Amino acid sequence: MDLAWTEKPAFESLMSAVILANSVTMGLELDINWDGFFWINVFYLVFYIFEVVAKIKRQGRSFFTTTWNNLDFLLSFGCLADLLAIPAFNALVSAISGDASPHWSASSGVLSVLPVFRVLRVLRLYKLLTSFPALKKLVLGIAAAMHGTFWVIVLAFLVLYIFAILFTSLIGRGVVVNREDHHDAVQAFGSVAMSLYNMFKLMNDDQSVVMFTDSVWVRVMFMVAMVMLNWVMLATLTSVVTDNMNSHSVIVERQEMDRLRAENDKLRERRLTAIFREMDKDANGQVDCKEFHDTLGDTGLRSELQDAADLSTRDLVELFDYISQERQGGRVCLYEDFISKLKRESEPVRERTIFRVEEELRALERRINQQFSNLAKIMQQPIHERTLPATPQPELQLPRWEKKARDLAEQDEAETRRREIMLSELVEQALPGTPRAAKAKSPQSPLMGDAGL
């Protein structure tokens, strides 16, 4: 049985709708006392177990390699055990004891942990959030920001602890407050724990903890505490969370771009492989110069190659000339090598520059070998007969790829001019009043004379 549909978007959308409906039911179940919720939960549980079983049958052991699949499996079968095991156990105890309402039941034994799975059903909402790309990006950004806020929270706790000690020592012990406020000061700041709690409330802009302001020193202490806790620490926490979320968003966008680029590269590689196999007439795994130029001469195949490689004709000819090698009196290129180097051609470190350097080095090597060959011939002659040959000024020659690119450009221009001439002739014949159309309608025309005969 083919279960590939379990991985398709339609099935995932169906399960997301079930989770959304279940989340609404979970909220209503807490506020409304209705026995029908039991059967509704059974209906949802059947869906969840069906999803887990179908995916296990489809994926096999690889199903348990992801955290969410393991959690989904645990929640589904934990809820099933909660639904069946506890009533079955209570019924069994009642049957054995003969008491319809036994004092000892599963709710007071080991099985009492099973109802926890009802509460953990809320974790399915995370799967619902990840079904939407925008929400998933936001949730992952918040989760990533939490890693960066750890040390900010530690710093905030240390600052709170410092102020808690100061307020306990000065206000809780009655050093800076009036005697009539000493009892209230002990209740509010009499211990470090109570002072720490009130400082936390003050950091969250709870003004109810601001007391005993008749004393100048108390007012100064509260002002300093509010500046440090409410302004500095919260602003620092907000900035750290914002920076971490922005950094994570950039990372996620870069990963998405890399994923799309990898998919495009795979698609382009398949297209180029198919085109090169069509170019390779003798099916020897390589394309020679004639096969490549014949392909460029075919307008349709050349357009398809330009679109797949995202290069112009000039760039294709140049790239082929750089990558191809001399073999058996001609230049050939393995199309796997062509495709692999084409991937790196547009990277920041331009591979085409290296190709040009290699071509220049080969040309330099040929010139040096020619110079050594001439020198060896001179050294073999007697001393009195040695004459240095006149070194002619080398003519400026275009590279082979440049010549071929210019030839193709001239052919395209000639083809364009020919089409323009044909189009103008058709227009002149179709429109009345033109000299060519009048000549075609003249009775002295040989063609018309033959037609009249």
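In what order do the three strands of the open sheet lie, and is their pairing parallel or antiparallel? In this predicted model, the order is 1-3-2 and the pairing is antiparallel.

## The chain as a whole

Before turning to the sheet in detail, it helps to have the whole chain in view. The secondary structure of the protein chain comes to 18 helices and three strands, and buried residues make up 28% of its 453 residues. When contacts between residues at least 6 apart in sequence are considered, 61% of them join residues that are at least 24 apart.

## The sheet

The edges of the open sheet are formed by strand 1, residues 286-288, and strand 2, residues 325-327, and each of these edge strands pairs on one side only. From one strand to the next, the twist averages 45 degrees.

Strand 3, which covers residues 330-334, is joined to strand 2 by three bridges, and the two strands run antiparallel. Within this pairing, Q325 has V332 of strand 3 as its bridge partner, while E326 stands opposite R331. Strand 1 is likewise joined to strand 3 by three bridges and runs antiparallel to it; here D288 stands opposite V332 in strand 3. V332 is therefore a residue to look for when following both pairings, since it is the bridge partner of Q325 and also stands opposite D288. As a general point to keep in mind while looking at the strands, side chains in a regular strand alternate between the two faces of the sheet.

## Helices that pack on the sheet

Two helices can be followed from the sheet outwards. Helix 11 packs on the sheet, where it touches strand 1 and strand 3, and its direction makes about 80 degrees with that of strand 1. Helix 13 also packs on the sheet, touching strand 1, strand 2 and strand 3, and its direction makes about 100 degrees with that of strand 3.

## Helix 11 against helix 12

Helix 11, residues 289-297, also packs with helix 12, residues 299-309, at an angle of about 100 degrees, and the axes of the two helices are 5 Å apart. Because an angle from 65 to 115 degrees counts as roughly perpendicular, helix 11 and helix 12 are described as roughly perpendicular to each other.

On the side of helix 11, the residues that meet helix 12 are F292, T295, L296 and G297, and in helix 12 they are met by T299, L301, R302 and L305. Sorted by class, this contact has four nonpolar, three polar and one charged residues.

## The nonpolar cores

Which residues have the most contacts inside the largest nonpolar core? This core has 25 residues, and those with the most contacts inside it are L272, F276, F292, L305 and F338. Two or more residues each come from helix 10 (216-279), helix 11, helix 12, helix 13 (313-323) and helix 14 (335-344), and helix 13 gives the most, with six residues.

F276 shows how such a residue reaches other parts of the chain: leaving aside residues up to four places away in sequence, F276 touches V287, L305, Y335 and F338. Apart from this core lies another one, of 22 residues, among them A185, L202, V209 and M221.

## Some individual residues

R271 has its place in helix 10, and because its relative accessibility is 30%, R271 counts as partly exposed. Not counting residues up to four places away in sequence, R271 touches E304, D307 and A308; the C-alpha atoms of R271 and D307, which are 36 residues apart along the chain, are separated by 9.7 Å. D412 lies in helix 16, residues 400-430, and counts as partly exposed because its relative accessibility is 32%. Although D412 and T299 are 113 residues apart in sequence, the C-alpha to C-alpha distance between them is 9.6 Å.

Two residues in the loop between helix 9 and helix 10 deserve a careful look at their backbone. D205, which lies in this loop after helix 9 (192-203), has a positive phi of about 65 degrees although it is not a glycine, and at 49% relative accessibility D205 counts as partly exposed. F212 lies in the loop between helix 9 and helix 10, and phi of F212 is near 60 degrees, a positive value in a residue other than glycine. F212 counts as buried because its relative accessibility is 10%.

Notes. Residues numbered from 1 in each chain as written. Predicted model: local features only at pLDDT ≥ 70, side-chain atom pairs only at ≥ 80, totals over all residues. Heavy atoms only, no water. Axes fitted to C-alpha atoms, helices over the stretch in contact; angles between N-to-C directions. Helix = DSSP H or I, 4+ residues; strand = E, 2+ residues; numbered from the N terminus. Parallel < 35°, antiparallel > 145°, perpendicular 65-115°, else oblique. Contact = heavy atoms within 4.5 Å. Nonpolar A, V, L, I, M, F, W, Y, C, P; charged D, E, K, R; others polar. Core = buried A, V, L, I, M, F, W, Y, C linked by side-chain atoms within 4.5 Å. Buried < 20%, exposed > 50% of the residue type's maximum accessible area, 1.4 Å probe, protein only. Pairing = 2+ DSSP bridges.
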